[in-house]
Amino acid sequence: DEPRMVFVNDAFEKQTGYSRAEVLGQSPRILLELDPAMHKLLELTKVLKESRQARTELMMQRKNGASFWIELEVVSVQASAEEVTHWVAVGRDITQRKNAEDMIRHLAFYDPLTDLPNRQLLLDRLQKALSQSARTGQHGALMFIDLDNFKVLNDTLGHHLGDQLLQQVAKRLEKSVRKTDTVARLGGDAFVVMV
């Protein structure tokens, strides 16, 4: 039998956009229409059966369809050792932290100017491609591309125009390959295409 909401506080109403009247008696499922969130909720339920409390991070949906991340702690309220009567769930908005983590992860693997994979991500993908090639016997190609006289352009017309040229080259290279191929920027005017 699916749990039903019997109480929500003012912060819940403010955060989700749902009024008490709209959610009381409803399943928490209305806040978790996203597949990964439902999967995590099922895991949480499993943990709650074994222990009296559980914690997880979930992406939830507001009434207007916007999503946000919460850290959810759930504690079971028991009438007796065998009978659970209620669960008390406390959620804390962690959207800013999750966004910061995503940005840090992105900065670690992508070039900030062109948004292409950087050397680190290229090496990771190259290692995977070599392993796959050893298994399947298929071959690929690795192309190193640098721009002639780029330093002259940078020195005479300025770094701003040099940056624009690098961004245009990145876009053109990406349009020239399949989605499964990799275009990376090693730095300066050096690009690598892995096909």
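**View 1. Strand β6 and its two partners in this predicted model.** Let's start with a single pair of residues: isoleucine 145 has phenylalanine 191 of β6 as its bridge partner. The model shown here is predicted. Strand β4, residues 142–146, pairs with β6 in the antiparallel sense, and the pairing covers 5 bridges. Strand β5, residues 182–187, also runs antiparallel to β6 and is joined to β6 by 5 bridges. Here alanine 184 stands opposite valine 192 of β6. How much of β6 is buried? Of the 5 residues in β6 (190–194), 4 are buried, and the strand is mostly covered.

**View 2. The hairpin of β5 and β6.** Zoom in on the turn, where 2 residues sit between the strands. One backbone angle deserves a look: glycine 188 takes a positive phi, near 55 degrees.

**View 3. A nonpolar patch made by four valines.** Val75, Val77, Val88 and Val90 make a nonpolar patch of about 290 Å² on the surface. The elements giving two or more residues to this patch are β2 (67–78) and β3 (84–93). Valine 75 has its place in strand β2. Is valine 75 buried, partly exposed or exposed? Its relative accessibility is 36%, so valine 75 counts as partly exposed, given that this class lies between the 20% and 50% limits. As a reminder when you follow the strands by eye, side chains in a regular strand alternate between the two faces of the sheet.

**View 4. Helix α5 from end to end.** Helix α5 takes in residues 119–136, which makes 18 residues. At 1.5 Å a residue the helix should span 26 Å, and its end C-alpha atoms are 25 Å apart, so the two values agree. What caps the N-terminal end of α5? Asparagine 118 does, with a side-chain oxygen 3.1 Å from the backbone nitrogen of glutamine 120. Beyond the helix comes glycine 137, with a positive phi near 80 degrees.

**View 5. The surroundings of threonine 95.** Threonine 95 belongs to helix α4, residues 95–109. With a relative accessible area of 19%, threonine 95 is buried, because the cut-off for that class is under 20%. Which atoms does its side chain reach? The threonine 95 side chain comes to 3.0 Å from the backbone nitrogen of tryptophan 69. The side chains of threonine 95 and aspartate 93 are also joined, through a polar contact of 2.7 Å.

Key:
Residues are numbered from 1 along each chain as its sequence is written. This is a predicted model: local features need pLDDT of at least 70, side-chain atom pairs count only at pLDDT 80 or more; totals for chains, interfaces and linings use all residues. Side-chain values use heavy atoms; hydrogens and water are left out. Buried means under 20% relative accessible area, exposed over 50%, partly exposed in between (1.4 Å probe, protein chains only). Two strands pair if DSSP finds at least two bridges between them. Patches are made of residues with over 30% relative accessible area and no salt bridge: like charges are joined within 9 Å, nonpolar side chains (Val, Leu, Ile, Met, Phe, Trp, Tyr) within 5 Å. Accessible areas come from the Shrake-Rupley method with a 1.4 Å probe; for residues, only the protein chains shown count as cover. A salt bridge is a side-chain nitrogen of Lys or Arg within 4 Å of a carboxyl oxygen of Asp or Glu. The expected span of a helix is 1.5 Å times one less than its number of residues. A polar contact is a pair of N or O atoms within 3.5 Å; within protein, one must be able to donate a hydrogen and the other to accept it, and residues adjacent in sequence count only if both atoms are side-chain atoms.
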